[in-house]
Amino acid sequence: MTGPVVVQQISESFGEALRAHASNPQVIDHLDRDRPWDFPQEAEALVTYPYPSWLSEAGRVPQPRPSLKWVQLFSAGVERFPEWLLDGRMVGCGRGQTSPQIAEFVLAAMLNREKRLNEISARSLTEWVRPEMGTLVGKTLGLIGYGSIAAEIARRALAFDMQIVACRNSPWAEVPKGLTPLAGPAEVLAQSNHAAICVPLTDETRGMVDDALLAQAKPGLHLINIARGAILDQDALLRAIAAGRIAHATLDVTFPEPLPETHPLWQVPEVHLTPHVSFLGGDHLARFLEKTLANLTTYAQGAPLRDLFDRERGY
């Protein structure tokens, strides 16, 4: 018996792995990255990646797909996909599959700031100078948002004897050991030496880190953005740096991405820009395949899918 019709847009090897699934799916490879929306009408499930062409003018045009019941996204967020693709059907997201790598990046950014490793290089006797160094021990890490990524960051930061404060939109079913919940982002920034933006990009969070919020920051704050560039008002960040409120910022994401050549963030020494690389490291494609196969099992059985996107909570 033939199983569900699954269109996959990842790779030929990904398609072969899906074909080996016990549900005996009919897998169709549709690897046209310029026209990902132009997949076969008979698809019950679509496994796809946030290709830029999804949000092109043609990609936004609604496509009738009456057979499509489940969309499995590689990404944790949905803002890089057209509304017509996601509306009225189950949407599985990539929540958690790159959280460990992103957490490592945040720890590396904090250590780099405290230990100044990118500034210290003794290549001669004249450079053999011991500068002042900081430590993570006893410092406060603030987490704006508390989902899978923030949980991985907190777990690692606790091993460095940091204090952890965090806020989240939804109620705390259980407060993790070693973490202090706070009312909101302003309270988090007011207490933090380092703070990471960990919320998804939604209508509510777009531009939320603005002048008013940054004015509440503890002087000398190191701000880290590994979420989405549009959550942070970059002009407000520049003003906060100029005012001495923010001492340093590590931005792995910007808006737009990449920044225009003339953007002032390129020239600010207090800003460390990286080209959206925090999720890299390890075999994230294998983890995505594992999640997709697990969801294919539950879909074939009519059971709830793993990591469905929740539009109210943003993941």
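Is R35 buried, partly exposed or exposed? In this predicted model, R35 has a relative accessibility of 39% and therefore counts as partly exposed. Its salt-bridge partner is D38, and the closest N and O atoms of the two side chains are 3.7 Å apart. D38 has a relative accessibility of 40%, so this residue also counts as partly exposed. With this pair as a starting point, the description turns to the sheet, the helices that pack on it, the cores and the other charged pairs.

A good place to get oriented is the open sheet of seven strands, which follow one another in the order β8-β7-β6-β9-β10-β11-β12 with parallel pairing. At its edges lie β8 (179-181) and β12 (271-273), each of which has a pairing partner on one side only. On average, and with direction ignored, neighbouring strands in this sheet are turned by 20° against each other. Within the sheet, five bridges join β6 (residues 140-144) to β7 (residues 163-167) in the parallel sense. One position that is easy to find in this pairing is L141, which stands opposite I164 in β7.

Two helices that pack on the sheet can be followed next. Helix α3, spanning residues 99-115, touches β6, β9 (194-197), β10 (221-225), β11 (246-251) and β12, and its direction makes about 150° with that of β10. Helix α7, spanning residues 234-242, touches β10, β11 and β12, and its direction makes about 145° with that of β11.

Helix α7 deserves a slower look. Its buried residues are Q234, A236, L237, L238, A240 and I241. The cover over these residues includes α6 (211-214) as well as β10, β11 and β12. At the N-terminal end, α7 is capped by D233, with a side-chain oxygen 3.1 Å from the backbone nitrogen of D235. Just after the helix comes G244, which takes a positive phi of about 85°.

Another set of strands is found earlier in the chain. Strand β3 (residues 45-48) runs parallel to β4, and four bridges join the two. Here L46 has V71 of β4 as its bridge partner. Strand β4 also pairs with β5 (residues 90-92), again in the parallel sense, over three bridges. In that pairing, Q72 is matched with G92 of β5. Both faces of β4 (residues 70-73) are covered: W70 and Q72 are buried on one side, and V71 and L73 are buried on the other.

What lies inside the model? The largest nonpolar core has 32 residues, and those with the most contacts inside it are L189, I197, V209, L214, L223, L237 and I246. At least two residues of this core come from each of β7, α5 (185-191), β9, α6, β10, α7 and β11. Helix α7 supplies the largest share, with five residues. The surroundings of V209 give a local view: beyond its neighbours within four places in sequence, V209 is in contact with I197, L214, L223, I231, L232 and D233. There is also a second, separate core of 23 residues, and A103, M110, L136 and A166 are among them.

Charged side chains complete the picture. The model contains 10 salt bridges, including the one between D38 and R35 described at the outset. Another joins K139 to E114, with the closest N and O atoms 3.0 Å apart. This pair links distant parts of the chain, 25 residues apart: K139 lies in the loop between α3 and β6, and E114 lies in helix α3. K139 is partly exposed because its relative accessible area is 23%, whereas the 10% relative accessible area of E114 makes that residue buried.

A further salt bridge brings together the side chains of R239 and D211, at 2.7 Å from N to O. These residues are 28 apart in the chain, and the pair links helix α7, which holds R239, with helix α6, which holds D211. R239 counts as partly exposed because its relative accessibility is 44%, and D211 counts as partly exposed at 36%. Finally, E16, R19 and D29 are linked in a network of salt bridges.

How values were computed
Residues are numbered from 1 along each chain as its sequence is written. This is a predicted model: local features need pLDDT of at least 70, side-chain atom pairs count only at pLDDT 80 or more; totals for chains, interfaces and linings use all residues. Side-chain values use heavy atoms; hydrogens and water are left out. Two strands pair if DSSP finds at least two bridges between them. Axes are lines fitted to C-alpha atoms, for helices over the stretch in contact, and angles run from 0 to 180 degrees between N-to-C directions. Contact means heavy atoms within 4.5 Å. Buried means under 20% relative accessible area, exposed over 50%, partly exposed in between (1.4 Å probe, protein chains only). A polar contact is a pair of N or O atoms within 3.5 Å; within protein, one must be able to donate a hydrogen and the other to accept it, and residues adjacent in sequence count only if both atoms are side-chain atoms. A nonpolar core is a set of buried Ala, Val, Leu, Ile, Met, Phe, Trp, Tyr and Cys residues joined through side-chain atoms within 4.5 Å. A salt bridge is a side-chain nitrogen of Lys or Arg within 4 Å of a carboxyl oxygen of Asp or Glu.
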